[in-house]
Amino acid sequence: MSVLAARAGAVEIPSADGSWRRVQLAEPGPWADHPGPYASRVAFAAAHVAADPLGDNVPGAPAVIDWDATLAFRRELFRYGFGVAEAMDTAQRNMGLDWPAVQELVRRSAEQAAAHGARIASGAGTDQAAPGSLRTVDDVLAAYTEQVAFIESTGSQVVLMASRQLAAVATSAEDYLHVYGRLLEQVTEPVVLHWLGEAFDPQLRGYWGSTDVATATATFLDLVRAHAGRVDGVKVSLLSAEHETGLRAALPAGVRLYTGDDFNYPELIRGDGTHHSDALLGAFAAVAPAASAALAALDDGDLTTYDATMASTLPLSRHIFETPTFHYKTGIAFLAWLNGHQPGFTMVGGLQSARGVLHLGRLLELANDARLLRDPDLAASRMADWLRVQGLTR
């Protein structure tokens, strides 16, 4: 019998030096359902999509989605009290999820959120346009306007996502203020503004008209202050706790800061006694049961339990989001597969190849440490099978 065979919730995984280590998988944590929202924080989990194993989900091909698994995963997030941030970068926006699939995804997910009384916010961008076809800022504005109208038609809140096309054609901060200002004048309900850093998408370098973060932040704040009544909150993904704490203190009253910092979210959500961050995190798609328990403790004023429980998720999140950060979606999909949330480890655009064996083996260990493997025997069996497919036997 191969030493790779899973035995009673244990599995052997390879190390960089060629040796093997046996990992005994723990029972999942005592995670309780929390079907309603939290009292002290607004929390969205940015959800991934499950690919249809029979679909031709190769690089450059249209996305073929396993709708049953994809929608069931959103119900799992609702079960733990999270709203869903839909069709964002976690769902492989600009990395395999094309506009027709986005429309179907948002429509189905919004219907499901309404049926469960859950909150949903969905990404509006400019990615429906053919490459190179948006040549002016007004072209970009028209593309944004089309997507905003569609998102609003489904009943979902709008997230104004950062646009690669705007980054490519804008020549000044004024171009950004023109496009976003016009959009904010048109929306019917307050939106979330999304500032995605270049760690997540290198094509967004220099967003808001400058590669200097302080200068870009000043432009961003000018926009928010001018349209504060149309902005529910801002979602910032620059992976800098220092920047986030400064920005949230400068926001107009009533405008939330939804942290997108997958490296420092426990302290940012906890707050500094004066300000705190709410959350819109891809990490919460991976650590939902534990994050739910932490947020429930925060509602109860139990900071000791909040700190300990949220801290237990941080090594896993930091590993999933390690450089190159934009490939974090692979880890989230792999963990969903280990946990039985989808039938296969396949991704649209063939992105399951974006992380290696050592990275994913360590991911299993860290998920185990956080007690986030809901069926240890299943996780061990799937990990062992996957390693064999990679040619790792001894």
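**Exercise 1. Locate Pro 324 and describe the peptide bond before it.**

Start with the location: Pro 324 sits in the loop between α10 (303–320) and α11. Helices here are DSSP runs of H or I with at least four residues, strands are E runs of at least two, and both are numbered from the N terminus. Next, look at the bond: Thr 323 and Pro 324 are joined by a cis peptide bond, with omega at about -5 degrees. For background, most peptide bonds are trans, and most residues other than glycine have a negative phi.

A word on the model before going on: it is predicted, so local features need pLDDT of at least 70 and side-chain atom pairs count only at pLDDT 80 or more, while totals for chains, interfaces and linings use all residues. Numbering runs from 1 along each chain as its sequence is written, and side-chain values use heavy atoms, with hydrogens and water left out.

**Exercise 2. For Asn 94 and Trp 208, work out the sign of phi and the exposure class.**

Step one, Asn 94: this residue is not a glycine, yet its phi is positive, about 65 degrees. You'll find Asn 94 in the loop between β4 and α2. Its relative accessibility is 28%, so Asn 94 counts as partly exposed. The classes are buried for under 20% relative accessible area, exposed for over 50%, and partly exposed in between (1.4 Å probe, protein chains only).

Step two, Trp 208: again not a glycine, again a positive phi, about 70 degrees. Trp 208 belongs to the loop between β7 (191–196) and α6 (213–226). At 0% relative accessibility, Trp 208 counts as buried.

**Exercise 3. Sort out which residues of α2 are buried and which are exposed.**

First the frame: α2 covers residues 99–116, 18 in total, and spans 25 Å from first C-alpha to last, close to the expected 26 Å. That expectation is 1.5 Å times one less than the number of residues.

Now the buried set: Trp 99, Ala 101, Val 102, Leu 105, Val 106, Ser 109, Ala 110, Gln 112 and Ala 113. Viewed down the axis of α2, they fall within an arc of 165 degrees, so they line one face of the helix; the arc is taken over directions from the helix axis to the C-beta atoms. The packing partners of this buried set are α1 (67–79), β4 (83–86), β5 (120–124) and α3 (137–153).

Then flip to the other side of α2, where Pro 100, Glu 111, Ala 114 and Ala 115 are exposed. Finally, Gly 117 follows α2 and has a positive phi near 65 degrees.

**Exercise 4. Which residues touch the most other members of the largest nonpolar core?**

Define the set: a nonpolar core is made of buried Ala, Val, Leu, Ile, Met, Phe, Trp, Tyr and Cys residues joined through side-chain atoms within 4.5 Å. Among the 123 residues of the largest one, the answer is Phe 82, Leu 193, Tyr 207 and Phe 284. Helix α9 (residues 283–299) gives the most to this core, with twelve residues.

Zoom in on Tyr 207: setting aside neighbours within four places in sequence, its contacts (heavy atoms within 4.5 Å) include Tyr 144, Met 161, Tyr 180 and Trp 195. There's also a second, separate core of eleven residues, among them Phe 44, Ala 46, Met 88 and Tyr 258.
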